[in-house]
Amino acid sequence: MLRSMRCCLNPKVIGGLIAAGVALWLMAPATSTAALPLLIALVCPLSMGVMMWQMNRGGGNCGASGGPSPAAAPSVDVDEELRQAREEVSIARARQQLGDRGNQAPA
């Protein structure tokens with residue numbers, strides 16, 4: 001629960017909105033109470049925008065495990081599976097060529 005809240009409520013956004021609220025309170029104390037609900041309402045959409053920006057950059061790690069992503073570092077198993085698939089294809093081609101030679105009538 002706490003981890004998902006950390007992903008949804010970006011600390012940088014919350015800190016920026018707190019700084020904006022304090023600056024507004026210092027400059028115009030009368031309007032700061034009117035702006036407080038707006039600042040609270042902006043936490044969610046701004047956090048979502050920051051999260052999308054981070055995911056687009058590839059720097060977001062919310063919901064991901066601590067290890068590297070599969071696209072970033074291919075595992076040895078994928079390489080081994082690819083080698084086996086290529087070997088199977090070459091065997092199938094060889095069998096097909098042998099079968100084609102056996103089906104030809106002698107001249």
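In this predicted model, Arg-57 sits over the face of Trp-53, at 4.5 Å from the ring centre. That cation-over-ring arrangement has no aromatic-aromatic counterpart here, as the count of aromatic pairs comes out at zero. Helix H3 spans residues 29-57, and the annotated span 34-53 is 100% helix and 0% strand.

Stepping back to the overall fold, the protein chain is made of four helices and zero strands, giving the pattern α-α-α-α when read along the sequence. Burial is limited to 10% of the 107 residues. The accessible surface of the protein chain adds up to about 8,900 Å², and carbon and sulfur atoms account for 66% of that area.

The record has something to say about two stretches of this chain. An unreviewed UniProt entry carries the annotation "transmembrane region" for residues 12-28 and 34-53. How do these two spans look in the model? For residues 12-28, the end C-alpha atoms are 24 Å apart, with 94% of the span in helix and 0% in strand. For residues 34-53, the corresponding end-to-end separation is 30 Å, and the span is 100% helix and 0% strand.

Contacts between these parts of the chain can be followed from Leu-39, a residue of helix H3. Leu-39 has a relative accessible area of 18%, so it counts as buried, the cut-off being under 20%. Once neighbours within four places in sequence are set aside, Leu-39 is in contact with Leu-17 and Gly-21. The Leu-17 partner is 22 residues away along the chain, yet the C-alpha atoms of Leu-39 and Leu-17 are separated by 6.4 Å. The other partner, Gly-21, belongs to helix H2, which runs over residues 11-27. Gly-21 is buried too, because its relative accessible area is 17%, and the limit for that label is 20%. Gly-21 also has a C-alpha separation of 6.9 Å from Ser-32, a residue 11 places away along the chain.

Charge pairing is the next topic. Side chains of opposite charge can pair when their charged atoms come close. The structure holds two salt bridges, and Glu-80, Arg-83 and Glu-87 are linked by them in a network. In the pairing of Arg-83 with Glu-80, the closest N and O atoms are 2.5 Å apart. In the pairing of Glu-87 with Arg-83, the closest N and O atoms are 3.0 Å apart.

How are the members of this network spaced along the helix? Arg-83 and Glu-80 are three residues apart within helix H4, which covers residues 76-103, and that spacing is about one turn of the helix. Glu-87 and Arg-83 are four residues apart in helix H4, again about one turn.

Are the charged residues of the network buried, exposed or partly exposed? Arg-83 has 43% relative accessibility and therefore counts as partly exposed. Glu-80, at 34% relative accessibility, is placed in the partly exposed class as well. Glu-87 is likewise partly exposed, with a relative accessible area of 40%. The network thus joins partly exposed residues of helix H4, while the contact described above between Leu-39 and Gly-21 involves two residues that are buried.

Technical notes
Residues numbered from 1 in each chain as written. Predicted model: local features only at pLDDT ≥ 70, side-chain atom pairs only at ≥ 80, totals over all residues. Heavy atoms only, no water. Salt bridge = Lys/Arg side-chain N within 4 Å of Asp/Glu carboxyl O. Helix = DSSP H or I, 4+ residues; strand = E, 2+ residues; numbered from the N terminus. Buried < 20%, exposed > 50% of the residue type's maximum accessible area, 1.4 Å probe, protein only. Areas by Shrake-Rupley, 256 points an atom, 1.4 Å probe, with all protein chains shown as cover. UniProt positions renumbered as here; feature names shortened; annotations may be inferred. Contact = heavy atoms within 4.5 Å. Phe/Tyr/Trp six-rings, centres within 6.5 Å; stacked < 30°, edge-to-face > 60°. Lys NZ or Arg CZ within 6 Å of the ring centre and 35° of its normal.
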